[in-house]
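User: I am new to this structure and would like to understand the terms used to describe it. Please explain how each description is justified.

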Amino acid sequence: MTNEIWGEVQEALKQSVGEHNYKTWICPIEFDAFEDGVAHFCVPTNFIGNWVNRNYADQILQHLHSAGAEVRRIEFDVRLARQTRAPRPAVIEPAPAPAAPASVQTETGEADLPGGKLDPRFTFDRFVVGPPNELAHAASRRVAEGGPVTFNPLFLYGGVGLGKTHLMTAIAWELRQRSPELRIVYLSAEQFMYRFVQALREKEMMNFKQLFRSVDVLMVDDVQFIAGKDSTQDEFFHTFNALVDQRKQIIISGDRAPGEMKDMEERIKSRLQCGLVVDLHPTDYELRLGILQKKIENHTQENPDLRIASGVLEFLAHRISNNVRVLEGALVRLVAMANLVGREITMEMTQDCLADVLRVSERKVTVEEIQRRVSEHYNIRLSELIGPTRVRTVARPRQIAMYLCKTLTTRSLPEIGRRFGGRDHTTIMHGIKKIDELRGKDSQLAEDLELLRRSLEA
Ligand code: ADP
Ligand code: MG
């Protein structure tokens, strides 16, 4: 096992994991040494090491074997990447004076800084983790640890109410607690624009620039808001670059992947993609149930008499769709009602009290819609999609349709099988598993899935 072999393997991995995953996960690892059948790699952070180990170790081993390396095992050790170990420019001043703005800050570090108030409830403690948000959560935790900036920016995206603002705020709280001296600015892209326009009007652009370029951590929520707003985008771009050059952490959220943003300048899109881009997937049943249980725990601390009949939370998790905000709203109403009537919340009361919410969320994606969209997307006939042919160009879209049926509807596997020309539930399960596997490796497929999902849920 040598550096050359690793070079070869990297090329092969680029093919098999896709450009995007390659840049995010494979590029940062460096071959270090080979000893007793174990290949050691350096990774910049534990997080990257764990992720690569969990998701790509098998593939890396396979490629190493194909390239002729007799490697039994691979290990990842955290060590700073070489370039960051290079000597830093020497500090010329004998004793660097504290940064001027720090002295005017209050204990909370908020004085004179732009940005909104942070919601005290949006902490990591209160964030429930499940497969749909696992990666976004892990990346946020990593950024919240502070230390050398490893991915810049962190870009979180996903649909409404999936926890983007919650995670960003949690990062801010955690950073503030660990390093009170940091100048952290959290604001929505809308507030950014508002401040910018105000500065223009009041001829205070110098102040504006200085202010935003002197922060240690900049968080901009809902960046899609500045799409199509040219001069704001321009200013945002310069602020962004100035901070990245100073190795300051930037965290951005948006409602879709940077590449998919409409009316966003190319140079901004590509800047946004340079760091780590992670998405929050729509919640699944287990995650919704977990969130409800956690919220009920919080409510019972305030009101120990709160009683909820068994099955109610499950019912809500089942019937109320992806948006966690809607789910929370429903729960708040139930709890208020329970306090009012002073007895256990039954299933009947639930249905009564939430009739309107439940009706709205009845509009669900159907199996038929999924089949239709998928066949349109891949340009094949619906009858082919459902029929018996095993040609790859039909079989793969069919598996994609099965996967979407499982994730977007509440149909069981046998039910889905019936609607796919009477296929057995094991065939459906196999198809779903296949797509789940490919999703991590094939970026084109992942993109197709995402597009289809969004168009179906729109
Ligand atoms: P977004 O910014 O993505 O639209 P928010 O972060 O505002 O969504 O989340 C909406 C609401 O749902 C918030 O009250 C938030 O606390 C809650 N929420 C979302 N995801 C979770 C989660 N995984 N665990 C706990 N609460 C969550
Ligand atoms: Mg938000």
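Analyst: In this predicted model, a convenient starting point is Glu 30, whose bridge partner in E2 is Cys 42. Ala 33 likewise stands opposite His 40 in E2.

User: What makes strand E1 and strand E2 a pair?

Analyst: Two strands pair if at least two bridges are found between them. Strand E1 (residues 30–35) and strand E2 (residues 38–43) are joined over 5 bridges, in the antiparallel sense. The criterion is therefore met.

User: What do E1 and E2 form, and how many residues lie between them?

Analyst: E1 and E2 form a hairpin, with 2 residues between them. Asp 36 lies in the loop that links E1 and E2.

User: What is the phi of Asp 36, and why is the value worth noting?

Analyst: Phi of Asp 36 is near 45°, a positive value in a residue other than glycine. Most residues other than glycine have a negative phi, so a positive value departs from what most of them show.

User: Which sheet contains E1 and E2, and which are its edge strands?

Analyst: An open sheet of 3 strands has the order E1-E2-E3, with mixed pairing. Its edge strands are E1 and strand E3 (73–78), because each pairs on one side only. Neighbouring strands of this sheet are turned by 25° against each other on average, direction ignored.

User: How is the sheet of 5 strands arranged, and is its pairing parallel or antiparallel?

Analyst: The order in this open sheet is E5-E6-E7-E4-E8, and the pairing is parallel. Strand E5 (184–188) and strand E8 (276–280) are the edge strands, each pairing on one side only. On average, neighbouring strands of this sheet are turned by 15° against each other, direction ignored.

User: How do you know that strand E4 and strand E7 pair?

Analyst: Strand E4 (residues 154–158) and strand E7 (residues 249–254) run parallel and are joined by 4 bridges. At least two bridges are required, so these strands count as a pair. One partnership to look for is that of Tyr 157 with Gly 254 in E7.

User: Why is the peptide bond between Asn 152 and Pro 153 remarked upon?

Analyst: The bond that joins Asn 152 and Pro 153 is cis, with omega about -5°. Most peptide bonds are trans, so a cis bond is an exception to the usual form. Pro 153 is found in the loop between helix H5 (134–144) and E4.

User: Which residues surround ligand 1?

Analyst: The surroundings of ligand 1 comprise 18 residues, the closest being Val 128, Gly 161, Thr 165, His 166 and Glu 328. By class, this shell has 7 nonpolar, 6 polar and 5 charged residues. Helix H6 (164–178), helix H11 (285–302) and helix H13 (324–341) each supply at least two residues of the shell.

User: What makes the approach of Lys 164 to ligand 1 a polar contact?

Analyst: A polar contact needs a pair of N or O atoms within 3.5 Å. A polar side-chain atom of Lys 164 lies 2.8 Å from an oxygen atom of ligand 1, so the condition is satisfied. Thr 165 also places a polar side-chain atom 2.8 Å from an oxygen atom of ligand 1. For Arg 325, an N or O atom in the side chain is 2.9 Å from an oxygen atom of ligand 1. Taken alone, ligand 1 exposes 560 Å², of which the protein buries 95%.

User: Why is ligand 1 said to lie between two domains?

Analyst: Domain 2 (110–279) and domain 3 (285–360) both give residues to the shell around ligand 1, and therefore ligand 1 lies between them.

Notes. Residues are numbered from 1 along each chain as its sequence is written. Chains are lettered from A and ligands numbered from 1 in the order in which they are written. This is a predicted model: local features need pLDDT of at least 70, side-chain atom pairs count only at pLDDT 80 or more; totals for chains, interfaces and linings use all residues. Side-chain values use heavy atoms; hydrogens and water are left out. A residue is near a molecule or strand if one of its heavy atoms lies within 4 Å of it. A polar contact is a pair of N or O atoms within 3.5 Å; within protein, one must be able to donate a hydrogen and the other to accept it, and residues adjacent in sequence count only if both atoms are side-chain atoms. Accessible areas come from the Shrake-Rupley method with a 1.4 Å probe; for residues, only the protein chains shown count as cover. Ala, Val, Leu, Ile, Met, Phe, Trp, Tyr, Cys and Pro count as nonpolar, Asp, Glu, Lys and Arg as charged, and the others, Gly among them, as polar. Domain bounds come from an automatic or database domain assignment. Axes are lines fitted to C-alpha atoms, for helices over the stretch in contact, and angles run from 0 to 180 degrees between N-to-C directions.
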